[in-house]
Amino acid sequence: MTEEMYSVEQVAELLGLHVRTVRGYIRAGRLKAVRIGKQYRIARADLDELTGRPRPAPARPTAAAPVEVSSIVQVDGVDRAAADRLGTLVLAGTGTGGDGAQPLRVQTVHDEERNRMKIVILGGAAATADLLRLVEAVVEGDNGLLAGEAGDA
């Protein structure tokens, strides 16, 4: 790795200072420099330290960042018993398959006054999609959780 190096003259020009001032900073220890023969060389990091500029973060190897999905599913027409069954099924579905490095987080809420249930899902895209398909199959299927109750209402 090659670090950018400046001469005293270049630093003076960059900072708008006199060459003697830059040499004075070096002698006083305010500016770190390396002496090569009769000349000083100043590293970019040392110049940034003097000027108070933040050092750039070291380059990291770029790895694919994990994708996280957040979903809120609202199911209307659900009484307390059906909400409990659906909540148990959804929570059981979070433990099957999926990515162990990015587990699903699920929370269920039932509003008795409105007969409404909300399911909040946070996690990886593929695991969330699998869980959403499970919820859809259970809620909207012919023999789904709400199929018998829809006729009762």
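Q: At roughly what angle do the axes of helix 1 and helix 3 cross in this predicted model?
A: Two packed helices are described by the angle between their axes and the distance between the axes. Here the axes of helix 1 and helix 3 come within 12 Å. Their crossing is right-handed. The crossing angle is roughly 35°.

Q: Which residues make the contact between helix 1 and helix 3?
A: Both helices contribute to this contact. By class, it has five nonpolar residues, one polar residue and no charged ones. From helix 3 come Leu47, Leu50 and Thr51; from helix 1 come Val11, Leu14 and Leu15.

Q: Why do Val8, Val11 and Ala12 lie on the same side of helix 1?
A: An α-helix has 3.6 residues a turn, so residues three or four places apart point the same way. Helix 1 spans residues 8–15, and Val8, Val11 and Ala12 are buried in it. They share one side of helix 1 because, around the axis, they cover an arc of only 100°.

Q: Which elements do the buried residues of helix 1 pack against?
A: Val8, Val11 and Ala12 are the buried residues in question. Their partners include two helices, helix 2 (19–28) and helix 3 (44–51). Strands take part too: strand 1 (5–7) and strand 3 (39–43).

Q: Which residue follows helix 1, and what is its phi near?
A: Helix 1 covers residues 8–15. The residue that follows is Gly16. Its phi is positive, near 70°.

Q: What is the order of the strands in the open sheet?
A: Strands of a sheet pair through backbone hydrogen bonds, either parallel or antiparallel. This open sheet has three strands, with antiparallel pairing. Strand 1 and strand 2 (34–36) are the edge strands, since each pairs on one side only. The order is 1-3-2.

Q: What is the bridge partner of Tyr6 in strand 3?
A: Strand 1 and strand 3 pair in the antiparallel sense. Three bridges join them. The partner of Tyr6 in strand 3 is Ile42.

Q: What angle does the direction of helix 1 make with that of strand 1?
A: Helix 1 packs on the sheet. There it touches strand 1 and strand 3. Its direction and that of strand 1 make an angle of about 90°.

Q: Is Ser7 buried or exposed?
A: Ser7 is found in strand 1. Not counting residues up to four places away in sequence, Ser7 touches Tyr40, Arg41 and Ile42. Buried means under 20% relative accessible area. Ser7 has 10% relative accessibility, so it counts as buried.

Technical notes. Residues numbered from 1 in each chain as written. Predicted model: local features only at pLDDT ≥ 70, side-chain atom pairs only at ≥ 80, totals over all residues. Heavy atoms only, no water. Buried < 20%, exposed > 50% of the residue type's maximum accessible area, 1.4 Å probe, protein only. Helix = DSSP H or I, 4+ residues; strand = E, 2+ residues; numbered from the N terminus. Arc of directions from axis to C-beta. Contact = heavy atoms within 4.5 Å. Axes fitted to C-alpha atoms, helices over the stretch in contact; angles between N-to-C directions. Left-handed = near helix turned anticlockwise from the far one by under 90°. Nonpolar A, V, L, I, M, F, W, Y, C, P; charged D, E, K, R; others polar. Pairing = 2+ DSSP bridges.
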